[in-house]
Amino acid sequence: MCGIFSFISREPSSIATVLVEGLQKITYRGYDSVGVSVLHNEEHHVIKAVGNMDQLAPLMPKKSLQAHVGIGHIRWATNGSVSLQNAHPVASKHFALVHNGIISNIDDIAPRLPKISVLKGETDSEVVVHFCEHLWSNNRSSFFSLERAVELLEGSWALAIACTKNPESLLFARKQSPLIIGEAPEGFYLASDIGSMPDTVTELTFPEDGDYGFVNTKEIIVYNNKKEVVRPTSPHVTTQQTATKGSFSSFLLKEIHEQPDVVRSILKNNVQKTESSSFTPSFAESVRIRTARMHLIACGSSYYASLLGVHWLEKIANIAASPYIASEYYWQCAEDKMCAFISQSGETADILRLFSEPLKPKAKHTMCLINSAHSSLSRLVPRVIPLYAGVERSVASTKAFLSQITTLFLLACAWGGEEGRKHIAKLETLPTLLDTLIKGSYDFLATNIPPLLDINHYIFLSAENLYPIIVEGSLKMKELSYITSTAYTFDNMPFLHIHPHSMLIIVLNKDHEPLAHEALALALQDHAPFVIVITNGPSDLIPPHCLHLETPECDHLVFPMLATPFLQMIALVVAEHRGSCIDQPRNLAKSVTVE
Ligand code: AGP
C-alpha cells in the first residue's frame, strides 16, 4: 500500500538520502512506483521511478542537495495506472505533494481548476496539487490554501506538502488515513507508518481526523476546523528489532523462526500467576468485561485467526461468537455484545470505516487485538490488547497470525472460568514445542518437497478446529506462489478436484482415525502426485508415499499453533522453487489502507 515519508531538517542537510532510507523501511507494504522531492532554491527537485527502490537509486544525484524540506512516497496504484506521471510526488508551479488515500469528489474539484492547469497523469492527487496552486494564486498563503482545500475535499487523505514560498516548512493534513509526526534533535519526520521513524525520534504526535497544519524547523502547529488544537504525544520507544534478515534467506523465514519468542512474549506480558489473579494487571483489566455474545471483526489472515477464536470462545468460554469480514459488517445488532477487532496493522480501511460517519460505533463494549502500537485503530477503541509479534517486515503475515491465534486462545481461557484457566498450561509449553518443531524443518522441507513446477493446484484438507489454519495455509500458498489453492473440510471436498496435477496437504488430528483413513484413501485413489500429511504426534496410518510431518505430541486445542509453522514453511518452499519474490510478493499489500 502507499506510504509517506517526509523530513524537515533544522539545518540544511542531505534530505534525499534521508528520504530514501525512510522509504526503504516501508517497502514491505508493497508498492509499484517510488519518488522523492527536495525543495532547494525555490524549486522542487522531483525524482521518480516506476518499479522499486533499485530503479530510483541510479537517478539520484551524486551530490545530494543541501536543503531543509523533502517529501517521499511509495505508491501502490489504485486510482490511475502504474506510470511515472502517476507516481508521487506530484507537483505544480509552487507546490509538491505526496498523498495516501482517495479523494472521492474529484469530479467536483477538477472543474474549479483554471484551464491552464496541465494535468499530466490520471490521479486525484495531481488534481489536489493544482487545486492548492489555484487557491494560492488567490490568497498567496500556502496554509490558507490547504485549509480551504481540506474544507472542500471529500474522501480520505494523508498529505505532506512542500511549497516553494516556505522553504523551511512542511504542510500536512489527514483524514481516515494514518499520518504521524516524529520529533528528533535533527528535525521532524512525517510518516504514514511508525516503523519508518528513525531511532533518533524521541516524541510522536498523532494528528486526528480532519487535522491539518504545518511543521517548521522549530514546532508543529495543528488545526482542526479553523481552530488551533493540541494533539496527544507519546514517547517514541524503538523496538530494537533488527531491520536485517541476519542469516535467513528472507524476512519471512526469519519471522517464522521468531514465533516461539512471540508466544513467550505474549505469556510474559499477559500471564502472571499470583494469589489474586492468573493474569497481569493490564490483561486482567482487558478481560474484566465478559459478554455472553461476541462479534469478531477482521480481514484477510486476521479474519482466519478470528475463525479459530470463535471456535475457542465457544468451546472453552461458552461465549456465542460470530466472525465477520470487516467490509461486511455494519454493527449488526451489536449493542449488547463485545465487538473485538483483530488487526496486525490497525490501519485496515474496512475496519476504520466502521468508526466514521455514517456508521459510527454502535456497541457498548469494544476491544481490539493489534500488533502495531500507535495505530489508528488503537486510538479508536478503549480496550487494546497488544499482540507482541514485533515488527513484521514480510508482506505475508506469519508471526502476527500466530500471535493473534495465541492471544485469542488466551482470551477464551480467561473467560472460561476455572476450567478455562486450566488450559493456560497448554500455552506454557508451546514455545519449547515450537522451538523443537521449527528447528531443522525448513531444511527438511526444502530437501523433501520436490520442485513440482507443473503442479498448479494445491488442495488443503482438514476437519474440526483445523479449518481456519488450512484456509490461512492456502492463503499463504496463493500469496507467495501465485498458485491457485483451495481449502476444504473433508465433508465438503469436491473429490473430482484431486487429479494428477494437484498437490494435497492434509492436516489431521491423529485421534480422528476414521477421517484419517478416508483422507489417505482418497489421496491414494485419486493419484495426487504429492501428498503431505501433518499430524499432532506420530501416527501409523500414514502410507509411506506421503510426506509425513509430525508436530510434537500436543493437545488438539493447541495443535493449530503447531501445525501453522509447517504450513507457512511449505508455502515458502514451494514459492522458492518457483522463484517468487518472498518478502514482497507481486501485487500483495500488507494491509489494505484504502477502501
Ligand atoms: C496477510 O498475509 C495479508 N497480507 C492480509 O490478508 C492481511 O492479513 C489483511 O490485509 C489484514 O490486515 P491487518 O491484519 O493489518 O488488518
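In the predicted model, glutamine 259 is buried, its relative accessible area being 0%. This residue belongs to helix H7, which spans residues 259-270. Beyond its neighbours up to four places away in sequence, glutamine 259 touches Thr398, Lys399, Leu402, Leu434, Ile438, Pro565 and Gln568.

The ligand is surrounded by 16 residues, of which Ser302, Ser343, Gln344, Ser345 and Thr348 come nearest. Classified by side chain, this shell holds 4 nonpolar, 9 polar and 3 charged residues. Helix H9 (300-317) and helix H17 (467-481) each contribute at least two residues to the shell, and the largest share, 3 residues, is that of H9. Two side chains approach oxygen atoms of the ligand: an N or O atom of serine 302 lies 2.6 Å from one ligand oxygen, and for threonine 348 the corresponding distance to an oxygen atom of the ligand is 2.5 Å. A nitrogen atom of the ligand, in turn, is 3.3 Å from a backbone N or O atom of valine 395. On its own the ligand has 410 Å² of accessible area, and the protein covers 93% of this.

Nonpolar packing was examined next. The largest nonpolar core comprises 94 residues, and the members that touch the most others are Met294, Trp312, Ile449, Ile532, Ile534 and Ile570. Helix H19 (residues 559-577) provides the largest share of this core, with 13 residues. The surroundings of isoleucine 534 include Ile506, Val507, Leu508, Leu549 and Thr551, as well as Phe559, Ala563, Phe566, Leu567 and Ile570, when residues up to four places away in sequence are not counted. A second core, separate from the largest, contains 29 residues, among them Phe95, Phe131, Leu153 and Ile161.

Several loop residues were also characterised. The loop between strand S20 (383-386) and helix H12 (399-415) contains arginine 393. With a relative accessibility of 14%, arginine 393 counts as buried, because the threshold for burial is under 20%. Its C-alpha atom is separated by 7.7 Å from that of leucine 252, although the two residues are 141 residues apart along the chain. Tyrosine 388 is placed in the loop between S20 and H12 as well. The phi angle of tyrosine 388 is near 55°, a positive value in a residue other than glycine. At 26% relative accessibility, tyrosine 388 counts as partly exposed.

Proline 450 occupies the loop between helix H16 (441-448) and strand S21 (457-462). A relative accessible area of 29% makes proline 450 partly exposed. When neighbours within four places in sequence are left aside, proline 450 is in contact with Phe530 and His577. The C-alpha atoms of proline 450 and histidine 577 are 8.4 Å apart, with their positions 127 residues apart in sequence counted as the separation.

Two further backbone features concern loops between strands. The peptide bond from histidine 88 to proline 89 is cis, with omega near 0°, and proline 89 lies in the loop between strand S4 (66-75) and strand S5 (90-91). Lysine 226, in the loop between strand S13 (220-224) and strand S14 (227-229), has a phi near 70°, a positive value in a residue other than glycine.

Note on methods
Residues numbered from 1 in each chain as written. Predicted model: local features only at pLDDT ≥ 70, side-chain atom pairs only at ≥ 80, totals over all residues. Heavy atoms only, no water. Near = heavy atom within 4 Å. Polar contact = N/O pair within 3.5 Å; in protein donor to acceptor, adjacent residues only side chain to side chain. Areas by Shrake-Rupley, 256 points an atom, 1.4 Å probe, with all protein chains shown as cover. Helix = DSSP H or I, 4+ residues; strand = E, 2+ residues; numbered from the N terminus. Nonpolar A, V, L, I, M, F, W, Y, C, P; charged D, E, K, R; others polar. Buried < 20%, exposed > 50% of the residue type's maximum accessible area, 1.4 Å probe, protein only. Contact = heavy atoms within 4.5 Å. Core = buried A, V, L, I, M, F, W, Y, C linked by side-chain atoms within 4.5 Å.
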